[in-house]
Amino acid sequence: MKRVLSGIQPTADSFHLGNYLGAIRQWVDLQNSHDAFFAIVDLHSLTVETDPKLMQERTLKSFAQLLAFGLDPNKCTLFLQSHIHQHNQLAWIMECLAGFGEASRMVQFKDKSLKAGDARTNVGLFTYPLLQAADIMLYQADLVPVGEDQRQHIELTRNLGQRFNSRYGETFVIPEPLILKSGAKINDLQEPKAKMSKSASSPSGLIDILDQPEINAKKIKSTVTDTGREVTFDEINKPGISNLLTIYTSLTAKSISDAEAEFDGKGYGDFKSAVATVVADYFSPIRVKTNELIANPGELCEIIEFGAKKAEQVAEQTLRKVYKQLGLLPRSLDEI
Ligand code: TYM
């Protein structure tokens with residue numbers, strides 16, 4: 001069985017539609033056909049200043065959402081990154097392997113540090129992709145299901161894995177990104193040329209999965225209006241409608257041409273209402289289930305602990321091998 005690994009940050013009270021369509025939905029399918037590891041990457045989320053109480057709440061809520069979406073702790077290994085200290089240990093090795101120049105070329109780092117300014121850019125933001133590379137290689141993942149925005153980080157991971165293998169001998173599996181053809185980049189409803197993101201300048205372009213359906217319906221109906229009247233897929237001239245078509249077809253499993261035919265002769269208003277209904281119907285049960293799971297934090301913590309035990313074994317095995325390949329002297333002579 002091929003192994004997959006992916007991660008998501010617990011940075012908000014709810015995952016958004018981009019997280020679901022770009023990543024989580026694939027995870028739910030992959031747990032049936034692969035040896036799957038999924039992490040809530042809480043250490044990554046420390047690159048933004050956090051409130052400790054919120055951090056705990058959001059971490060539990062993130063697990064509850066993944067379970068509500070259908071991840072099953074008996075089919076996949078679902079764990080919290082900070083429970084497995086080997087992530088930080090391997091991250092250091094990755095930092096020593098990566099060039100300053102290649103880390104400086106990461107587009108997400110460039111964008112985020114430009115927005116934040118030098119004074120508010122921490123070193124963690126710079127080394128973020130190296131911790132991500134450690135997450136992936138610690139589990140010897142063959143595949144990494146992510147949204148389009150993560151392609152460059154996976155490419156860096158591959159380069160680092162190849163570099164390590166050629167310097168110190170075959171150690172790491174070199175992972176491939178698994179990026180969907182449709183849904184890999186869901187855009188902001190108000191700025192449909194930019195990706196939907198928790199850090200967007202305005203919340204009106206973001207669909208939070210746990211929000212009340214009326215709030216999301218209002219946002220969808222106020223999606224920026226493109227020129228023309230026809231509901232057709234044209235990312236250059238109709239980015240707003242094209243984004244909604246991607247969302248609509250992803251959630252209904254209809255093709256773009258079927259959706260275009262369905263709304264032929266109808267205006268943008270009818271189409272937006274239909275998208276709002278589909279989003280509400282799809283996510284309402286998830287919201288209910290998440291709330292049920294959050295009401296029982298003891299059970300959630302047991303699931304998280306169960307995942308940590310499974311993840312730790314694999315992580316420790318890889319780290320030992322890496323230390324050995326590097327020639328780091330073991331504590332006991334028997335291990336040499
Ligand atoms: P995060 O939490 O920012 O995003 C989680 C996943 O959601 C995808 N995504 C999107 N997909 C489509 N459209 C969007 N608008 C959109 N916004 C986000 C992201 O591509 C991602 O797959 N760096 C990772 C977290 C991570 C990780 C890892 C991933 C840490 N270690 C190891 C894979 C393997 C991230 O982007 O998290």
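**Close-up 1. Gly 147 meets the ligand through its backbone.** In this predicted model, an oxygen atom of the ligand lies 2.8 Å from a backbone N or O atom of Gly 147. Gly 147 is also among the closest residues to the ligand.

**Close-up 2. Two residues face nitrogen atoms of the ligand.** Met 196 uses its backbone: a polar atom there is 2.9 Å from a nitrogen atom of the ligand. Gln 132 uses its side chain instead: an N or O atom there is 3.0 Å from a nitrogen atom of the ligand. How much of the ligand's accessible area does the protein cover? On its own, the ligand has 700 Å² of accessible area, and the protein covers 97% of it.

**Close-up 3. A shell of residues surrounds the ligand.** The shell holds 28 residues. Tyr 128, Asp 135, Gly 147, Asp 149 and Ile 186 are the closest. Which kinds of residue make up the shell? It divides into 11 nonpolar, 12 polar and five charged residues. Some elements give two or more residues to this shell. They are strand β1 (3-8) and the helices α1 (17-30) and α6 (123-138).

**Close-up 4. Helices α9 and α11 pack against each other.** Helix α9 covers residues 239-252, and helix α11 covers residues 268-294. Their axes are 10 Å apart. The angle between the two helices is about 40°. Angles under 35 degrees count as roughly parallel, and 65 to 115 as roughly perpendicular. The pair fits neither range, so α9 and α11 are oblique to each other. Where α9 passes α11, the crossing is left-handed.

Notes:
Residues numbered from 1 in each chain as written. Predicted model: local features only at pLDDT ≥ 70, side-chain atom pairs only at ≥ 80, totals over all residues. Heavy atoms only, no water. Near = heavy atom within 4 Å. Polar contact = N/O pair within 3.5 Å; in protein donor to acceptor, adjacent residues only side chain to side chain. Areas by Shrake-Rupley, 256 points an atom, 1.4 Å probe, with all protein chains shown as cover. Helix = DSSP H or I, 4+ residues; strand = E, 2+ residues; numbered from the N terminus. Nonpolar A, V, L, I, M, F, W, Y, C, P; charged D, E, K, R; others polar. Axes fitted to C-alpha atoms, helices over the stretch in contact; angles between N-to-C directions. Parallel < 35°, antiparallel > 145°, perpendicular 65-115°, else oblique. Left-handed = near helix turned anticlockwise from the far one by under 90°.
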